[in-house]
Amino acid sequence: MLINGRRVNSCLTLAVMHDGDDITTIEGIGMPESLSALQQAFKDNDAFQCGYCTPGQICSATALIEEVKQNWPSHVSTDLQNPDGRLVQEIAERMSGNICRCSAYPNIIKAISQVLESQVSDTQTQEPSTQKADNTVQNSSVTGIWSPPPSEAQLGRTSANNKTATATTGGRS
């Protein structure tokens, strides 16, 4: 859930601690008849499987998008003044506290990237002085649990050092 726009694990906080705070749950983000852009992106990208973790993923991603819009750096930001929250590594780091046992992570990242591309591009169009030269989302597939972009071996490309690695491992290193 979100408390005053910040992510909070609902199981680790008491309601009495937040008297007067602005509390948002999945129902406050959107309803079936009026989905938020992020909820629609989750639906479009099949970014859920059993659906148990989906509300938390969407709440967390909603806060993530606001952090990116405000240029808040994450642990993996290489440029603390202008972090590029649209990179797979940034999204993975910012979402790392959310667990999905069904492993819908690749599609969750695609959904978040879709919304970030749209909303951050809109924000940068409105504020051209802060626009970066390259504002494209890295289109890398994601494997494993909140992993970085795949290696050459995972992509089935052979490197000069190891030309047979993917032949016996099924494309995984």
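## Overall picture

Of the 173 residues in the protein chain, 35% are buried. Keep in mind that this is a predicted model. The protein chain has six helices and three strands, and along the sequence they run in the pattern β-β-β-α-α-α-α-α-α.

## The sheet

Let's start with the strands. They form an open, antiparallel sheet in the order E2-E1-E3. Its edges are strand E2 (6-7) and strand E3 (23-24), each of which pairs on one side only. As general background, strands of a sheet pair through backbone hydrogen bonds, either parallel or antiparallel.

Strand E1 (residues 2-3) is joined to E2 by two bridges, and these two strands run antiparallel. Within this pairing, Ile3 sits opposite Arg6 in E2. The loop between E1 and E2 holds Asn4, which is partly exposed with 46% relative accessibility. Asn4 is not a glycine, yet its phi is positive, near 55 degrees.

## Helix H2 and its buried face

Which residues of helix H2 (residues 37-44) are buried? They are Leu38, Gln39, Ala41 and Phe42. Looking down the axis of H2, these buried residues fall within an arc of 160 degrees, so they line one face of the helix. The general geometry helps here: an α-helix has 3.6 residues a turn, so residues three or four places apart point the same way.

Right after H2 comes Asp46, with a positive phi near 50 degrees. At the other end of the numbering for H2, Ala37 has its C-alpha atom 9.5 Å from that of Ser118, although the two are 81 residues apart along the chain. Ser118 belongs to helix H5 (residues 105-126) and counts as partly exposed, at 39% relative accessibility.

## The loop before H5

Between helix H4 (88-94) and H5 there is a loop that contains Ser103. Ser103 is another non-glycine residue with a positive phi, about 65 degrees. For context, most residues other than glycine have a negative phi. Ser103 is partly exposed, with a relative accessible area of 39%.

## The largest pocket

The largest pocket has a volume of about 600 Å³. Its lining has 23 residues, and the closest to the pocket centre are Asn9, Cys53, Gly56, Gln57 and Asn98. In terms of chemistry, the lining divides into eleven nonpolar, eight polar and four charged residues.

Which helix gives the largest share of that lining? H3 does, with five residues. Helix H1 (26-29) and helix H3 (54-69) each supply at least two residues of the lining.

## Cysteines without a disulfide

How many disulfides does the model have? The count comes to zero. A disulfide, in general, is a covalent bond between the sulfur atoms of two cysteines. Take Cys53: the closest cysteine sulfur to its own is in Cys100, 3.7 Å away, and that is too far for a bond because the cut-off is 2.5 Å.

Cys53, one of the residues closest to the centre of the largest pocket, is buried, with a relative accessible area of 17%. Cys59 is buried too, with a relative accessible area of 4%.

Conventions. Residues are numbered from 1 along each chain as its sequence is written. This is a predicted model: local features need pLDDT of at least 70, side-chain atom pairs count only at pLDDT 80 or more; totals for chains, interfaces and linings use all residues. Side-chain values use heavy atoms; hydrogens and water are left out. Buried means under 20% relative accessible area, exposed over 50%, partly exposed in between (1.4 Å probe, protein chains only). Two strands pair if DSSP finds at least two bridges between them. Helices (H or I, at least four residues) and strands (E, at least two) are DSSP runs, numbered from the N terminus. On a 1 Å grid over the protein atoms alone, a cavity is a set of points where a 1.4 Å probe fits but cannot get out, and a pocket is an open set with protein on both sides within 12 Å along at least five of seven lines; lining residues have an atom within 4 Å of a point. Grid points are joined across faces, edges and corners, and a volume is the space filled by probe spheres set on the points. Ala, Val, Leu, Ile, Met, Phe, Trp, Tyr, Cys and Pro count as nonpolar, Asp, Glu, Lys and Arg as charged, and the others, Gly among them, as polar. The arc is that of the directions from the helix axis to the C-beta atoms.
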